[in-house]
Amino acid sequence: MLAAVRVLTVSGATETAHGGLLEICLTAAYSPQTPQQGQEEASAKVPKLVGGASILARLRAERAKSAAKAKSTASARAYIVYASQTGTANEIANGMAAEAGQHGVKAQAMSCNELGFEKLAKMPAPTVVVLIAASTGDGDCPDNSASFFAHMKRRSLESNTLAHVRFTCLGLGDSNYTRFMAVSRAFRTRFQDLGAQRFYDFKEADEVDGIEPIVEAWVAGLWAPLKQTLQADASSAVQSTEAPAPAANGQAQKDAGIPALIPCRVALQWLEASQAARVLDAEKSYRPGGSEIAQHTNGANFTADQPFWASLSCAQRLSAQDSDRTVLHLELDTSGSGMSPDPGDSLGVVPQNDPDLVAALLARLGWDGRRVFSVAPAAGSGSEDGGDTKLLPHLHWPCSIQHALTYHCDIASPPRKSLLRLLAEQASMQRLSVKENGHASVQLPVFVRSGGAFKPPSTLTGPWIMIGPGTGVAPFRGFLQRRRKLLHQSSAGHSAGQAWLFCGCRRRQEDFLYGQEFQRFVAEGILSRLHVAFSRAGPSKVYVQHLIREQAAALAPLLTHPEAHIFICGDGTHMARDVHAALLDVLTGQAGAKAAGDSEVLSAAKAAEHLSAMAGQGRYVRDIWS
C-alpha cells in the first residue's frame, strides 16, 4: 500500500531556507496498492542494504534458490497478466482466472513483474497472454509492472523476441488525463514491434464512461478465441470438457450466480525454528537506525522497496477546526538523503498498518504472528513450470505473519469482490467491527516520484496559467517559489510572462489553503493575478471554471501565446473536464473573449486542436485524480 503526497517546496539550496526540509500537503488521496518493485532504470543508483534489511535479502535469495524447480509438462494455459496500481486491473484479472475453468480454459493471473519479461521471452511457442493494463499518474506504468515495462522497452531487443507470443490487451484509463491509455498502448505497440501477434481485438475502457459494461462485454467475447488459440497446437490442446476448479471446501459449485473461486496458486511453507529465528531477528531492525541511514544514503535512489526514513519536523492543520474536512501541512527532514525533487514531484509514503488492528486480526484468526513462512507454487496451479517467477513479490518473503500484515498487506481498505468470495468459503455470518485509530510516527519511510511534465517551466518568457481548486492548489506554492527564484536570477529589464492562479475552496475562513502566502506572491509581483472561487460564500455555487469564463477577454491571448503553459491539478472526475470545456469556450469566444478584440477567435475544431498540440508539447499538463 502506498500513500501519495504532493511536494510543495524543495528547500535547502533552492527556494526556501528551512535547511533540507520537504514541505508537503497531505490530502485525502490514498492508494491501497501494496509496494512493488520500482522502475529499473539502467542509470539508477540502488542503495546498499545494511543491517536487518541485508540479512533478510540474503535469506530471501537463499530461499528463492532452493525453491527453484524443473519445468513440468503441464498442458497449455493462458497467462492473464496485469499492470495495476489501485487494484482494478488486478481484480479483473483475478476474476477472469477464476472464470476460465468454466470455459474449459486453464489460466493463471499474475502481475507483469511476477511473470518477468525475460521469462516471457524464453517461453515455448505458442505462449498466450491476456494483458490487463492500467496507467497511474499521467500515463506512468504501475509499480507492479515497472521492471517488466522497462525491460520491454530496451532498444537492444530483437524484432522476433516475442514472435512466439499470441496476445490481446484490455486498457483501463481515464480520458481526463493528458496521456490517456499511455501504458496499454505502449504495451500493445511494443509487443507487436517484438513480433507478438494479436488473437483477439484490443479494447479500451474509459473510467469517465464507466468501465463495467465494456469490460464485461470484452471478457464475454474473449473465451472462444482464447480457447481456439490455446488449441492451435494439438500437443497442448485444452480439453473442452475440463471442469472448473473445485471450491476451497472441496465441494463443486452448484449454486447459479455464485462468482467463480480464484484458483489457489501458492502454498505457504513454514520455516524451521532455526531459520525462523534468523528472520525474526532481522525483522527487529527493519527500521534502520541513524548509523544505518547514513550508510544507506549518499545520493541513492530511494524507492518504495528501499525508502528513506525521514523525520517529521512540523505538522500543521490548514483547514479550520470546525470544518468537516481535515487538510494537514507536513514538513519532513530529508537531510542527508541526497533527494533533490522539484516542485510538482510527489513524495511517496510507505505506511504501516495500525499495530492494534494487526493484533486484532491475528487474534480473530487464531494465528501466531511470529510464525515465519516462504512461498512456493501450489500443486497443480501451473506455477510449477516457472521456478524463476517470483510469487507474491510484495510480501518480501521469507517473513513472519505479523511482518507481512504490518508492512506488506492492505487490511484496512474495503475488501474487493474477489476477497469476499474467497472469505465466503470459510466465513460465517458474523460482524467484525474495527475501530479507527490514528497512529503518530516520528519517522516516515519516503521516496520521490517524478512529476514528469508537471513542473515549473525553466523560463519566464511565456505565461503560466495554474488551475488548482481544493488541495490541488498545493503544488503551485512550489511553482511560485521557483518562479520567485527565476525572477531574482534574471537580468534587469528582462520581460517575464504573466502568472495566473485560479483556485477554489468553500469559504475564505474555512479552507483557503495557503491564502495569505498566495496574496504575498501577488504583492511581490511574483503572481500576476489570483482568482479564488469561494463555492459556499454566496447564494449560488461558484467554481474555478466560472471564473475562467469571467476572465475570458484577458485570458484568451495568454492561452494562444506560443510559449504559454497551462497546469491543472485536482479532481479528475468533474473539475478537469469542466475546466477543459471552459478553456475551449475562451478560445472559441463563447465565454466573451471575442469582446477583447486582441485575440483570434478559433473554431471549435481549431480550439480542441490547439489544446491537444499544447498537451503534446508538454505545455498543457494535468495532474488529476479520480
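A salt bridge is a side-chain nitrogen of Lys or Arg lying within 4 Å of a carboxyl oxygen of Asp or Glu. Side chains of opposite charge can pair like this when their charged atoms come close. The structure looked at here is a predicted model, and a search through the whole of it turns up 11 salt bridges.

Before getting to those pairs, a quick look at the overall picture helps. The protein has 626 residues, and 50% of them count as buried. Its chain is organised into 19 helices and 20 strands. Contacts often bring together distant stretches of the chain: among those between residues at least 6 apart in sequence, 81% join residues at least 24 apart.

Back to the salt bridges. One of them pairs Glu-204 with Arg-185, with N and O 2.8 Å apart. Glu-204 sits in strand β8 (residues 203-206) while Arg-185 belongs to helix α6 (residues 182-193), so this pair ties a strand to a helix across 19 residues of sequence. Both partners are partly exposed: the relative accessible area is 25% for Glu-204 and 35% for Arg-185.

Two further salt bridges involve helices α13 and α15. In one, the side chains of Arg-477 and Glu-517 meet at an N to O distance of 2.7 Å. Arg-477 is part of helix α13 (residues 474-489) and Glu-517 is part of helix α15 (residues 515-524), so parts of the chain 40 residues apart in sequence are tied together. What about the surroundings of these two side chains, buried or exposed? Arg-477 has a relative accessibility of 7%, and it counts as buried because the cut-off for that label is under 20%. Glu-517, at 16%, counts as buried too.

The other salt bridge joins Glu-524 to Arg-484, and here the closest N and O atoms are 3.2 Å apart. Once again the pair links α15, which holds Glu-524, with α13, which holds Arg-484, so parts 40 residues apart in sequence are tied together. These two residues are partly exposed, with Glu-524 at 44% relative accessibility and Arg-484 at 22%. Salt bridges can also join up into a network, as happens with Asp-324, Arg-506, Arg-507 and Glu-510.

Next comes a pair of packed helices. Two packed helices are described by the angle between their axes and the distance between the axes. For helix α10 (residues 355-365) and helix α11 (residues 401-408), the axes come within 10 Å and cross at roughly 135°. At that angle, α10 is oblique to α11, and the crossing is right-handed. Which residues of α10 and α11 meet? On the α10 side they are Val-358, Leu-361 and Leu-362, and on the α11 side they are Ile-401, Gln-402, Leu-405 and Thr-406. Sorted by type, the residues of this contact come out as five nonpolar, two polar and no charged.

Helix α11 itself is mostly covered, with seven of its eight residues buried. Among those buried residues are Ile-401, Leu-405 and Thr-406, which also take part in the contact with α10. His-403, Ala-404, Tyr-407 and His-408 are buried as well. What do the buried residues of α11 pack against? Besides α10, their packing partners are strand β9 (266-270), helix α8 (273-284), and strands β13 (372-377) and β14 (399-400).

Finally, two single residues give a closer view of how separate parts of the chain meet. Arg-179 is found in the loop between β6 (165-173) and α6, and with a relative accessible area of 44% this residue is partly exposed. Arg-179 and Asp-138 are 41 residues apart along the chain, yet their C-alpha atoms are separated by 5.8 Å. Setting aside neighbours within four places in sequence, Arg-179 is in contact with Asp-138, Gly-139 and Asp-140.

His-610, by contrast, is placed in a helix, namely α19 (residues 604-616). His-610 has 18% relative accessibility and counts as buried. Again leaving out neighbours within four places in sequence, the contacts of His-610 are Leu-559, Thr-560, Leu-587 and Leu-602.

Note on methods: Residues are numbered from 1 along each chain as its sequence is written. This is a predicted model: local features need pLDDT of at least 70, side-chain atom pairs count only at pLDDT 80 or more; totals for chains, interfaces and linings use all residues. Side-chain values use heavy atoms; hydrogens and water are left out. Helices (H or I, at least four residues) and strands (E, at least two) are DSSP runs, numbered from the N terminus. Buried means under 20% relative accessible area, exposed over 50%, partly exposed in between (1.4 Å probe, protein chains only). Axes are lines fitted to C-alpha atoms, for helices over the stretch in contact, and angles run from 0 to 180 degrees between N-to-C directions. Angles under 35 degrees count as roughly parallel, over 145 as roughly antiparallel, 65 to 115 as roughly perpendicular and the rest as oblique. A crossing is left-handed if the near helix is turned anticlockwise from the far one by less than a right angle, and right-handed if clockwise. Contact means heavy atoms within 4.5 Å. Ala, Val, Leu, Ile, Met, Phe, Trp, Tyr, Cys and Pro count as nonpolar, Asp, Glu, Lys and Arg as charged, and the others, Gly among them, as polar.
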